[in-house]
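Open your viewer and get ready to click along. We will go stop by stop, selecting a few residues at a time and seeing what is around them.

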Amino acid sequence: MKNPFLARTSSFDAGAINATIQRALASAGLDTTAGPMHDVTETIRRALAAGGLAESATRFNGDTVIDVAARIVPNGEAHPVAWEHKPSRNEVPQRPGSFDTHQFSNDAGSRAYKVYVPAGASDAPRPMMVMLHGCTQSADDFAAGTQMNRLADEHGFVVVYPEQASHANASKCWNWFKPQDQARGAGEPSLIAGIVREVAQRHDADPRRIYVAGLSAGAAMAVVLGETYPEVFAGVGAHSGLPYGSAHDIPSAMAAMKGGRSGMPGLKNIPGAAGAPSRKAVQAVPLIVFHGDRDHTVQHTNGAHIEQQARDAHGAQAGGADLHVSTLSGVSSGGRRFSRTVYTDPEGQARIESWTLHGAGHAWSGGHASGSYTDGIGPDASAEMVRFFMALPSAGSA
């Protein structure tokens, strides 16, 4: 009997599949040439060969990174319902504000960061947006791709771009999967929270209107920050990210990214990939999620799990009261179909908003091509996040 899995994958490029796995293993600077992770790579290679996906063994290479192959994003199909927001911006004008580099240190280490401040004085303390880049990206790259500085000019908020250091992760991924970087008062959460407090004081930002958003590993870290510093962050934006506590080491991170549905029979045998301890999210911080349903780097199920964590936390905070749910299906001006689900409290305030981008891969929706890992078809994730955050009531003072 013909194997239906082989039938579905007969046209796959074995080299491309191997390269994708190499990037996944290298996403946190993993050394696969020796030690326990050498056995992991051999297990995956054998699984590929058993499934007919590789005719020869390809050695994993620590010089590659996860996000490179995710840049190609297929076009979505047209849909008769049009969304009200504008398509992605096609030009990058000169910024009239300041965009400066700084350094922050505490007991957990030191990180560089950049701050964008719109030109002109403000009559009131400004809101602040904290933007966490994905693997291999930088502050400048992420600013160019998301165009968040341009939105800061329009809406009058400060933007902060913490930058991961290569000595902390060879691929410059935020270490969202390490237990020491999932807790309050330690690791990378303490560094980012320290940066935020430093910038808020320096620029007289409104401590009740500080928001954090990120892409991929940056999105996973944004979710961590919402859980560990809920008094600092009044809202969280997660684009192509992962839920809080979904991994505790590299193998469990790989399993979480693939949503447990990789289709590779040997992958489930990776040490540590199954039975990983999971931390429970309990902080009901307002949340907006974007995720492509053809994201093969971080499976779409992760976005659904982030949404479910938030629903559970809000339900517990409200004594079990359900949020009102409404869903809209439509298409962006660029032709991307989407489904948008909004959860509102009894007062009608949106607390959770979740976007499924049909046909989209692992890239910032509505982003500009001057930055890496962007999908210009839209909808415009940056503009939608700003809209969601600015509509929130002010949180308690940090």
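What follows is a short tour of this predicted model, from the whole chain down to single residues.

**The whole chain**

Start with everything shown as a cartoon. The chain has 398 residues, and 56% of them count as buried. Its secondary structure comes to 10 helices and 12 strands. Now think about which parts of the chain meet. Among contacts with a separation of 6 or more, 71% are between residues 24 or more positions apart.

**First stop: two crossing helices**

Select residues 187-202, which form helix α6, and residues 217-228, which form helix α7. Two packed helices are described by the angle between their axes and the distance between the axes. Here the angle is about 80 degrees and the axes are 10 Å apart. An angle of 65 to 115 degrees counts as roughly perpendicular, which makes α6 roughly perpendicular to α7.

Which residues make the contact between α6 and α7? Show the side chains of E188, P189 and I192 on α6, then M221, V224, L225 and T228 on α7, and you have both sides of the meeting place. By class, this contact has 5 nonpolar, 1 polar and 1 charged residues.

Stay on α6 for a moment and click G194, which is found in this helix. With a relative accessibility of 11%, G194 counts as buried, because buried means under 20%. Add N106 to your selection: N106 and G194 are 88 residues apart along the chain, yet their C-alpha atoms are separated by 7.8 Å.

**Second stop: the nonpolar cores**

Next, select M128, V130, L132, W176 and F233. These residues have the most contacts inside the largest nonpolar core, which has 55 residues. Helix α7 gives the largest share of this core, 8 residues.

Zoom in on L132 to see what surrounds one of these core residues. Leaving out residues up to four places away in sequence, L132 touches a list of partners that includes F142, P162, W174, V212 and A222. You have already met some other partners of L132: I192, M221 and L225 are among them.

Another core, of 32 residues, lies apart from the largest one. To find this other core, select F290, F338, L357 and F389, which are among its residues.

**Third stop: the disulfide**

How many disulfides does the structure hold? There is 1 disulfide, and you can see it by selecting C135 and C173, whose sulfur atoms are 2.1 Å apart. A disulfide is a covalent bond between the sulfur atoms of two cysteines. The torsion about the S-S bond of C135 and C173 is about 125 degrees, so this disulfide is right-handed.

Now trace the chain away from each cysteine. C135 lies in the loop between β3 (126-132) and α4 (139-146), while C173 lies in the loop between β4 (158-162) and α6, so the pair ties together parts that are 38 residues apart in sequence. Are these cysteines buried or exposed? Both C135 and C173 are buried.

**Fourth stop: the start of strand β1**

Select residues 98-106, strand β1, and pick out F99. At 25% relative accessibility, F99 counts as partly exposed. Then add K114: it is 15 residues from F99 in sequence and 6.6 Å from it in space, C-alpha to C-alpha. K114 is also one of the residues that F99 touches, and others include V115, Y116, D140 and Y161.

**Fifth stop: a covered helix**

Move to helix α8, residues 250-257, where 7 of the 8 residues are buried. The buried ones are I250, P251, S252, A253, M254, A256 and M257. Just after α8, click G259, which takes a positive phi of about 65 degrees.

**Last stop: backbone details**

Select K172, in the loop between β4 and α6. Its phi is near 60 degrees, a positive value in a residue other than glycine. S216 also has a phi near 60 degrees, and this serine sits in the loop between β5 (205-215) and α7. S216 is buried, with a relative accessible area of 6%.

Finish at P379, in the loop between β12 (374-375) and α10 (381-390). Here a cis peptide bond joins G378 and P379, with omega at about 0 degrees.

Note on methods
Residues numbered from 1 in each chain as written. Predicted model: local features only at pLDDT ≥ 70, side-chain atom pairs only at ≥ 80, totals over all residues. Heavy atoms only, no water. Axes fitted to C-alpha atoms, helices over the stretch in contact; angles between N-to-C directions. Helix = DSSP H or I, 4+ residues; strand = E, 2+ residues; numbered from the N terminus. Parallel < 35°, antiparallel > 145°, perpendicular 65-115°, else oblique. Contact = heavy atoms within 4.5 Å. Nonpolar A, V, L, I, M, F, W, Y, C, P; charged D, E, K, R; others polar. Core = buried A, V, L, I, M, F, W, Y, C linked by side-chain atoms within 4.5 Å. Buried < 20%, exposed > 50% of the residue type's maximum accessible area, 1.4 Å probe, protein only. Disulfide = S-S within 2.5 Å.
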